[in-house]
Amino acid sequence: MGKTAVWSLFVILFFLHQDFWWWEDSGLVLGFMPLGLAYHAAFSIACAFLGWLAIRFAWPHDLEKFAEEE
C-alpha cells in the first residue's frame, strides 16, 4: 500500500462526500439521528482513517530526514 492507494481512496471519498442520495430520506438511525447526519459521522471517521493511512504509508520520509539534519 502506498501513495497510489491513498490517492485512490481520497478520490473515492471525494465523490462519496456528495451524498445527494440521502437528501430526500427522512429516516432516523438508532431512532434519533437523521440518516444524512449519521452518514456524515461515518464519513468523518472514514476521513480520519484515510488521514492515518496517508501518514502511515505515504508520508515523505526524505523530507523529514532533511529537516532533522544539522
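What follows is a walk through the fold, core, surface and a few individual residues of this protein, based on a predicted model.

Start with the overall layout. The protein is built from three helices and two strands, and reading along the sequence gives the pattern α-β-β-α-α. The radius of gyration is 17 Å, well over the 11 Å that the globule rule gives for 70 residues, so the protein is more spread out than a compact globule. The box filled by the C-alpha atoms tells its own story: along the principal axes, the dimensions are roughly 60 × 20 × 15 Å. Among contacts with a separation of 6 or more, 52% are between residues 24 or more positions apart.

Burial comes next. Of the 70 residues in the protein, 14% are buried. The accessible surface adds up to about 5,900 Å², and carbon and sulfur atoms account for 71% of that.

As for the inside, the largest nonpolar core consists of six residues, namely Val-6, Leu-13, Phe-43, Leu-50, Leu-53 and Ala-58. Helix H1 and helix H2 (35-57) each put in at least two residues, with H2 giving the most, at three. In general terms, nonpolar side chains in soluble globular proteins tend to be buried together. Val-6 is a handy place to see how this core is put together: leaving aside residues up to four places away in sequence, Val-6 touches Leu-50, Leu-53, Ala-54 and Ala-58. Three of those partners, Leu-50, Leu-53 and Ala-58, are themselves listed in the core.

Trp-7 sits in helix H1, which covers residues 3-16. Is this tryptophan buried or exposed? Trp-7 counts as exposed because its relative accessibility is 55%, and the cut-off for that class is over 50%. Trp-7 also pairs up in space with a distant part of the chain: Ala-58 is 51 residues away in sequence, yet the two C-alpha atoms are 9.3 Å apart. Ala-58, in turn, is one of the core residues.

The surface has a nonpolar side too. Leu-9, Ile-12, Leu-16, Phe-20, Trp-21 and Trp-23 together make a nonpolar patch of about 650 Å². Leu-9, one of the patch residues, is found in helix H1. With a relative accessible area of 32%, Leu-9 is classed as partly exposed.

Then there are the loops. Gln-18 lies in the one between H1 and strand E1 (28-29). At 44% relative accessibility, Gln-18 counts as partly exposed. Ser-8 is ten residues from Gln-18 along the chain, and their C-alpha atoms are separated by 17 Å. Further on, Leu-30 occupies the loop between E1 and strand E2 (33-34). What stands out about the backbone of Leu-30 is phi. The angle is near 60°, a positive value in a residue other than glycine. Leu-30 is also exposed, its relative accessible area being 76%.

Finally, back to helix H2, where Ser-44 has its place. This serine is partly exposed, because its relative accessibility is 46%, and that class runs between 20% and 50%. From Ser-44 to Trp-59 is 15 residues in sequence, and the C-alpha to C-alpha distance is 21 Å. The core residue Phe-43 comes just before Ser-44 in the numbering.

Notes:
Residues numbered from 1 in each chain as written. Predicted model: local features only at pLDDT ≥ 70, side-chain atom pairs only at ≥ 80, totals over all residues. Heavy atoms only, no water. Helix = DSSP H or I, 4+ residues; strand = E, 2+ residues; numbered from the N terminus. Buried < 20%, exposed > 50% of the residue type's maximum accessible area, 1.4 Å probe, protein only. Core = buried A, V, L, I, M, F, W, Y, C linked by side-chain atoms within 4.5 Å. Contact = heavy atoms within 4.5 Å. Patch = residues over 30% accessible without salt bridge, like charges linked within 9 Å, V, L, I, M, F, W, Y side chains within 5 Å. Areas by Shrake-Rupley, 256 points an atom, 1.4 Å probe, with all protein chains shown as cover. Salt bridge = Lys/Arg side-chain N within 4 Å of Asp/Glu carboxyl O. Rg over C-alpha atoms; globule rule 2.2 N^0.38 Å.
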